[in-house]
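Got the structure open in your viewer? Let's walk through it together, one selection at a time.

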Amino acid sequence: MLRKIDRNIWVAEQTLRYFGLSVGTRMTVIRFSNGELAVISPIQINDQTTDQINELGNVKYIIAPNLFHYLFLSDFKALYPQAKIYAVSGLKVKKPELYIDRVLEDNITEFLGQLEYLLFEGFNTFLPIGVFPINEYVFFHSESHTLILTDTAFYFDETFPLTTRLASKIMGGYKKLRPSLLEQLATQEKEKVKQSVQKVLKWDFRKVIVAHGSIVEHDAKKQFKEGYEWFLGGSL
């Protein structure tokens, strides 16, 4: 079901296991002033959540924010055929069977100036078969002062199972808003990441929604900055 976070912004969660760990996943729903809705990183939703979304407005944008959060794009499109799927560059090559209406790019103006975004450059992760780019767009909802991340940072706390907490401690991220050690080791273009982080820090955000972990509502900007200082090995 949907949960309201602030003015015109909601989230919904579902269970998800990754490398055997319970990490959960989360989508974000934003309502614009004209009643249109943007859904970032869609999940599998039930009838109750569908009804809640329909009460909020008309789904206009379904957004795949990086190369890994695409599993439920087609299901969501089937529920909302009038909506357009926006995806990051490279996803069509990775998953050619996916129907994509438009590739996200920096000069898109459809979001009415109410949802800012930028490409988080240089950021990679490790998979069992090697190093891969995330190619993630991060978003800023100015009305609610909320930064929306997908896989560029996590925040696992005491609400998660013991195995997840232990793994996050080993990977350097328990109760810390930051990427994991896997991303730190996989990412070589640290200067590009630093430039992206500096752009993000220009936004006036007070909360951070992550796809995996708990939402950060206290000292969010400070925690994000400190997390990336750890990641980059230097001050910002």
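What follows is a tour of pockets, helices and a few single residues in a predicted model.

**Stop 1: the largest pocket**

Start with the open space. The largest pocket holds about 800 Å³. To find its middle, select Tyr18, Val23, Asp151, Phe154 and His212, which lie nearest the centre among the 36 residues of the lining. Now colour β11 (124–127), α4 (162–170) and α5 (181–186): each of these supplies at least two lining residues. What is the lining made of, by class? It has 20 nonpolar, 11 polar and five charged residues.

**Stop 2: Asp151**

Stay with one of those central residues. Asp151 sits in the loop between β14 (146–148) and α4. Is Asp151 buried or exposed? With a relative accessible area of 9%, it falls under the 20% cut-off, so it counts as buried.

Next, show its surroundings. Beyond its close sequence neighbours (those within four places), Asp151 is in contact with Asn66, Phe68, His69, Phe123, Ile134, Glu136 and His212. Zoom in on Asn66: its side chain makes a polar contact with the side chain of Asp151, at 3.0 Å. Then add Pro65, which is 86 residues away from Asp151 along the chain; their C-alpha atoms are separated by 9.2 Å.

**Stop 3: helix α4**

From Asp151, move on to α4. Select Thr164, Ala167 and Ser168, the buried residues of this helix. They span an arc of only 100° around the axis, so they are on the same side of α4. Show β4 (21–22) as well, since this is what they pack against. Now turn the helix round: the face away from the buried side carries the exposed residues Leu162, Lys169 and Ile170. After α4, look for Gly172, which has a positive phi near 85°.

**Stop 4: Pro133**

Jump to strand β12 (residues 130–133), where you will find Pro133. Pro133 is partly exposed, with a relative accessible area of 44%. Apart from neighbours within four places in sequence, it is in contact with Leu67, Phe68, Phe123 and Asn124. You have met Phe68 and Phe123 already, as contacts of Asp151. Try picking Gly122 too: it is 11 residues from Pro133 along the chain, and the two C-alpha atoms are 7.4 Å apart.

**Stop 5: Thr187**

Select Thr187, in the loop between α5 and α6 (190–200). How accessible is Thr187? Its relative accessibility is 0%, and it counts as buried. Its side chain reaches the backbone oxygen of Glu183 at 2.8 Å. Setting aside neighbours within four places in sequence, Thr187 is in contact with Gly122, Phe123, Asn124, Val193 and Phe231.

**Stop 6: helix α6**

One of those contacts, Val193, leads you into the next helix. In α6, Val193, Ser196, Val197 and Val200 are buried. These residues cover an arc of only 100° around the axis, which puts them on the same side of α6. What covers them? Among the elements to show are β10 (116–120), β13 (136–141), β14 and α7 (220–232).

**Stop 7: the cavity**

Now for some enclosed space. How many cavities of 30 Å³ or more are there in the whole structure? The search finds one. The largest cavity holds about 40 Å³. To outline it, select Arg26, Met27, Thr28, Ile40, Ser41, Ile148, Leu149, Thr150, Ile209, Val210 and Ala211. Strand β5 (residues 25–31) gives the largest share of this lining, with three residues. By class, the lining has seven nonpolar residues, three polar and one charged.

**Stop 8: two positive phi angles**

Finish with the backbone. Most residues other than glycine have a negative phi. Keep Ser41 selected from the cavity lining: it is not a glycine, yet its phi is positive, about 60°. Ser41 is in the loop between β6 (36–40) and α1 (47–56), and it is buried, with a relative accessible area of 4%. Last, go to His145, in the loop between β13 and β14. The phi of His145 is positive too, near 55°.

Key
Residues are numbered from 1 along each chain as its sequence is written. This is a predicted model: local features need pLDDT of at least 70, side-chain atom pairs count only at pLDDT 80 or more; totals for chains, interfaces and linings use all residues. Side-chain values use heavy atoms; hydrogens and water are left out. Helices (H or I, at least four residues) and strands (E, at least two) are DSSP runs, numbered from the N terminus. Buried means under 20% relative accessible area, exposed over 50%, partly exposed in between (1.4 Å probe, protein chains only). A polar contact is a pair of N or O atoms within 3.5 Å; within protein, one must be able to donate a hydrogen and the other to accept it, and residues adjacent in sequence count only if both atoms are side-chain atoms. Contact means heavy atoms within 4.5 Å. On a 1 Å grid over the protein atoms alone, a cavity is a set of points where a 1.4 Å probe fits but cannot get out, and a pocket is an open set with protein on both sides within 12 Å along at least five of seven lines; lining residues have an atom within 4 Å of a point. Grid points are joined across faces, edges and corners, and a volume is the space filled by probe spheres set on the points. Ala, Val, Leu, Ile, Met, Phe, Trp, Tyr, Cys and Pro count as nonpolar, Asp, Glu, Lys and Arg as charged, and the others, Gly among them, as polar. The arc is that of the directions from the helix axis to the C-beta atoms.
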